[in-house]
Amino acid sequence: MKYKVLFIMHMPPPVHGAAMMGKYIHDSKLINETFECRYINPSASSNIKEVGKLNIGKFFFFFLKTLLRL
């Protein structure tokens, strides 16, 4: 029986250190074969210029994306 794991982590784009580590975990054959994994990307930014800017569209995008994934 595989344990179920929910990963809430940043994924590219935008490309930065935390997002790249998230991509390595997401693409890991060992992790995906060992556990039953689900991934949620909390970032609503599509490029580096949007990071840190608040926008009502980001909130709707995040909640809609989260609800559709679960």
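**Note on the predicted model**

1. Overall fold. The protein has 3 helices and 2 strands. This is a predicted model. Along the sequence, the elements run in the order β-α-α-β-α. Strand 1 covers residues 4-8 and strand 2 covers residues 36-40. Helix 1 spans 17-27 and helix 2 spans 29-34. Helix 3 takes in 56-69.

2. Surface and burial. The chain has 70 residues, and 21% of them are buried. The accessible surface is about 5,600 Å². Carbon and sulfur atoms supply 68% of that surface.

3. Contacts across the sequence. Take the contacts with a separation of 6 or more. Of these, 56% join residues 24 or more positions apart. The aromatic pair in point 5 links parts that are 32 residues apart.

4. Nonpolar core. The largest nonpolar core is made of 5 residues. They are F7, M9, M11, C37 and Y39. F7 belongs to strand 1, and Y39 belongs to strand 2.

5. Aromatic pair. There is 1 aromatic pair in the structure. It is formed by F7 and Y39, with ring centres 5.2 Å apart. Their planes meet at 10°, so the pair counts as stacked. Planes under 30 degrees apart fall in that class. Because F7 sits in strand 1 and Y39 in strand 2, the pair ties together parts that are 32 residues apart in sequence. F7 has 18% relative accessibility, so it counts as buried. Y39 is buried too, at 10%. The cut-off for buried is under 20%.

6. M11 and its neighbours. M11 is one of the core residues. Setting aside residues up to four places away in sequence, M11 touches A19, G22, K23, H26 and N41. Two of these contacts lead to later points: K23 is a salt-bridge partner, and N41 places a polar side-chain atom 3.5 Å from the backbone nitrogen of M11.

7. N41. Where does N41 lie? It is in the loop between strand 2 and helix 3. Its relative accessible area is 19%, so N41 is buried. Beyond neighbours within four places in sequence, N41 contacts M9, H10, M11, F62 and K65. M9 and M11 are also members of the largest nonpolar core. F62 and K65 fall within the residue range of helix 3, 56-69. The polar contact to M11 runs from the N41 side chain to the M11 backbone nitrogen, at 3.5 Å.

8. Salt bridge. How many salt bridges does a search of the whole structure find? The search finds 1. The side chains of D27 and K23 form it, with an N to O distance of 2.9 Å. Side chains of opposite charge can pair when their charged atoms come close. Both residues lie in helix 1. They are 4 residues apart, about one turn of the helix. D27 is at 47% relative accessibility, so it counts as partly exposed. K23 is partly exposed as well, with a relative accessible area of 33%. K23 also touches M11.

9. S28. S28 is in the loop between helix 1 and helix 2. Is S28 buried or exposed? Its relative accessibility is 18%, so it counts as buried. The S28 side chain reaches the backbone nitrogen of I31 at 3.2 Å. I31 falls within the range of helix 2, 29-34.

Terms used:
Residues are numbered from 1 along each chain as its sequence is written. This is a predicted model: local features need pLDDT of at least 70, side-chain atom pairs count only at pLDDT 80 or more; totals for chains, interfaces and linings use all residues. Side-chain values use heavy atoms; hydrogens and water are left out. A nonpolar core is a set of buried Ala, Val, Leu, Ile, Met, Phe, Trp, Tyr and Cys residues joined through side-chain atoms within 4.5 Å. Buried means under 20% relative accessible area, exposed over 50%, partly exposed in between (1.4 Å probe, protein chains only). Contact means heavy atoms within 4.5 Å. Accessible areas come from the Shrake-Rupley method with a 1.4 Å probe; for residues, only the protein chains shown count as cover. A polar contact is a pair of N or O atoms within 3.5 Å; within protein, one must be able to donate a hydrogen and the other to accept it, and residues adjacent in sequence count only if both atoms are side-chain atoms. Rings of Phe, Tyr and Trp (its six-membered ring) pair if their centres lie within 6.5 Å; planes under 30 degrees apart count as stacked, over 60 as edge-to-face and the rest as tilted. A salt bridge is a side-chain nitrogen of Lys or Arg within 4 Å of a carboxyl oxygen of Asp or Glu.
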